[in-house]
Structure formats: structure tokens, C-alpha cells
Amino acid sequence: MTHVAVLMGGLSAERPVSLKSGNACAAGLERAGYRVTRLDVGLDLVERLLALQPDVAFNALHGPMGEDGVVQGILEFHKIPYTHSGVLASALALNKDRAKAVMARAGIPVAVHVVTNRFEAAQRHVLKPPYVVKPVNEGSSFGIVIVPEGANRPPAELTASTWAYGDEVMAEQYVAGRELTCAVIGDKASDIIDVVPVSESFYGYDAKYSPGGSEHILPARIKPNIYQDIQKFTLLAHRALGCRGVSRADFRYDPDRDELVCLEVNTQPGMTETSLVPEMAAHAGMSFEALVASMVEDASCLR
């Protein structure tokens with residue numbers, strides 16, 4: 001029986017989400033017939049992996065020190081096959097600035113943006129409002145600040161003593177309209193979900209992870225050419241960044257201006273009960289157990 005260590009928790013701000021993803025994946029793998037060890041990742045990761053000697057590491061970590069190539073490098077060094085993307089793709093995709101540069105060169109539309117220091121962004125408008133300020137290396141909408149059109153002042157909250165997302169931030173032109181997302185599963189683009197936030201004004205942490213926090217329209221009711229473009233760009237971004245296994249790309253589409261931009265690629269998308277990729281897989285007729293089993297069977301080193 002294949003022994004799978006499900007890596008979850010970790011050291012980033014996304015730890016609570018990772019614990020939910022990891023426990024859901026571990027339960028799914030057990031139902032699929034695998035021997036599973038749940039591994040709450042800390043600084044003793046290497047020692048615990050060497051003691052366990054799993055056949056496969058299922059990486060359910062999110063954010064820095066889990067989704068950015070660091071843990072992938074540890075697994076490569078110790079020759080433990082693992083799921084999702086490898087070192088380079090993971091590091092590239094989590095850095096929003098580097099990822100946008102690669103995607104733009106591949107012909108994928110991205111929003112106008114600048115990278116700056118959070119203290120500078122709090123002193124003056126670094127873009128003409130409306131725009132969005134976000135940490136360069138975070139996920140799950142942590143640290144996102146929306147500066148509305150006509151805002152007289154730059155976002156003062158960037159200098160808060162509680163800010164925990166690093167000094168480097170990205171200011172990105174705000175694209176109004178629809179929040180659309182598409183995954184790559186089995187090297188094919190999935191159907192598209194139109195995400196409609198319910199619990200807050202944008203698709204933030206609460207809308208993402210609270211039951212009923214957002215409405216998901218699957219398949220998205222958008223023009224056929226935009227639907228096809230999103231699927232094409234999702235697969236193109238996955239390949240341009242060198243991703244492996246499952247990934248998910250997020251887009252904004254403004255129907256009034258017919259403007260489509262790719263916001264980011266998630267190399268380890270959420271796998272909680274409210275997450276998008278399991279929903280996309282189910283829509284395609286793939287159970288959660290089959291989804292996580294396929295990820296284990298695809299695991300390898302040198303990804």
C-alpha cells in the first residue's frame with residue numbers, strides 16, 4: 001500500500017487554510033485506499049520526513065515556505081516524490097511580479113502594475129486610482145487593499161504595526177467586472193467558475209473560505225470567445241511557468257470594456273470543502289477521491 005505523507009499547516013499566514021486543505025485531502029486519500037500520515041509542518045520537517053520515509057509527499061501547504069519552492073527543494077534533495085509543481089515553477093508563480101513578466105512574454109494579458117515599498121505606497125499614489133495593493137508573495141487575499149476611484153489619500157493601512165506580509169508590495173490597476181477562475185487538471189483546462197462574493201465586496205479571505213461566502217456559477221455565463229480565451233490562457237500560463245499537476249489561474253473580466261487580465265496562477269490551489277478546484281473536478285465527473293488519487297499517482301521528483 002502506498003504510504004502518503006500529507007504536508008499541511010506550515011509557517012505562513014495561510015496555515016489555517018492549509019490545515020483544512022490537508023485534512024480534506026488526507027481523508028480523501030484514506031477513502032481511496034492509501035496509507036496516510038498527516039504531517040503538520042514545522043522546522044523539524046526534514047527529521048520527520050526521514051523518520052517516516054513516505055512513498056509520496058502530498059504537498060497541501062499554501063503560501064511562503066510551502067508553495068514557493070522551499071519545501072519542494074527539501075523533497076528533491078531527499079528524493080521523495082511529491083505532488084504539484086517543482087522548485088522553479090513554485091518560486092516563479094508565488095512571486096506575482098516575476099510571474100506576470102513570464103506570462104506577459106507568453107502573450108497572456110496582465111494588468112498594469114508597479115512593485116514598490118509599502119511605505120512609499122502609503123505616502124503617495126503609485127498608480128492613478130482605482131488600483132489594488134497586494135503583497136508580492138502571499139495568497140488567499142492576505143494584505144489586499146483596494147484604493148477606489150477618486151481616493152484622495154494613499155492607503156495608510158500599509159504602515160500598520162500589525163502588517164505581516166513584507167515590505168515589497170505590488171500596486172495593480174483595478175479591473176472592474178467579473179472574477180473568473182479556471183484550472184488545469186490532467187493537463188487540460190477545466191470549465192470556468194464565475195465567483196460572486198457575497199460576504200464582502202471582493203473575493204477576499206472570508207468570501208473564499210466561509211461557507212456561503214461566495215456564489216459559484218459553473219460554468220460561467222460569459223461570451224464564448226472570452227470563455228475560450230480564459231481556457232487557452234490558463235493552459236498557456238501553466239506551461240509558461242513550468243507548472244506540473246494541478247494549478248488554477250484567476251482572471252478579471254470587464255464586460256463594459258471587454259478587458260480580460262490574468263491576475264495570478266496558484267500552483268497549490270485550495271482543497272477545502274468550499275474550494276474551487278474540487279468543484280471544477282466534480283463538474284467534470286471526477287470525485288474528490290479520484291482527484292487526490294490522480295495527484296498522488298502523478299507525483300515525482302525533478303518536476
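Leu19 touches Met8, Gly9 and Asp40, leaving out residues up to four places away in sequence. The model is a predicted one, and Leu19 sits in its helix H1. Is Leu19 buried, exposed or partly exposed? Its relative accessible area is 24%. Buried means under 20% and exposed means over 50%, so Leu19 counts as partly exposed. Gly63 lies 44 residues away along the chain, and its C-alpha atom is 12 Å from that of Leu19.

Stay with H1 and move to the nonpolar core. H1 spans 15-31 and supplies at least two residues of the largest nonpolar core. That core has 27 residues. Val6, Leu29, Phe58 and Leu291 have the most contacts inside it. Which other elements supply at least two residues each? Four are strands: E1 (3-9), E3 (56-59), E8 (178-185) and E10 (193-197). Helices H9 (276-283) and H10 (288-297) do so as well. The largest share, five residues, comes from H10.

Leu29 gives a closer view of this core. Neighbours within four places in sequence are set aside here. Leu29 is then in contact with Val4, Val6, Tyr34, Val36, Phe58, Val292, Ala293 and Val296. Two of these partners, Val6 and Phe58, are themselves among the residues with the most contacts inside the core. A second core is separate and has 25 residues, including Met103, Ile108, Phe233 and Leu241.

Phe58 also leads to the cavity. How many cavities of 30 Å³ or more are there? The count comes to one. The largest cavity holds about 30 Å³ of space. Phe58 is part of its lining, together with Ser21, Cys25, Asn59, Ala60, His62, His84, Gln268, Pro269 and Met271. H1 and E3 each supply at least two of the lining residues. By class, the lining has five nonpolar and five polar residues, and no charged ones.

Now turn to the strands. E8 and E10 pair in the antiparallel sense, over three bridges. Here Glu179 stands opposite Val195 in E10. E10 is also joined to strand E11, residues 214-217. That pairing is antiparallel too, with four bridges. Which residue in E11 is the bridge partner of Asp194? The partner is Ile217. In a regular strand, side chains alternate between the two faces of the sheet. E10 thus has bridges to both E8 and E11, and also supplies at least two residues of the largest core.

Notes. Residues numbered from 1 in each chain as written. Predicted model: local features only at pLDDT ≥ 70, side-chain atom pairs only at ≥ 80, totals over all residues. Heavy atoms only, no water. Core = buried A, V, L, I, M, F, W, Y, C linked by side-chain atoms within 4.5 Å. Buried < 20%, exposed > 50% of the residue type's maximum accessible area, 1.4 Å probe, protein only. Contact = heavy atoms within 4.5 Å. 1 Å grid on protein atoms, 1.4 Å probe; cavity = no way out; pocket = protein on both sides within 12 Å on 5 of 7 lines; lining within 4 Å. Points joined across faces, edges and corners; volume = space filled by probe spheres on them. Nonpolar A, V, L, I, M, F, W, Y, C, P; charged D, E, K, R; others polar. Pairing = 2+ DSSP bridges.
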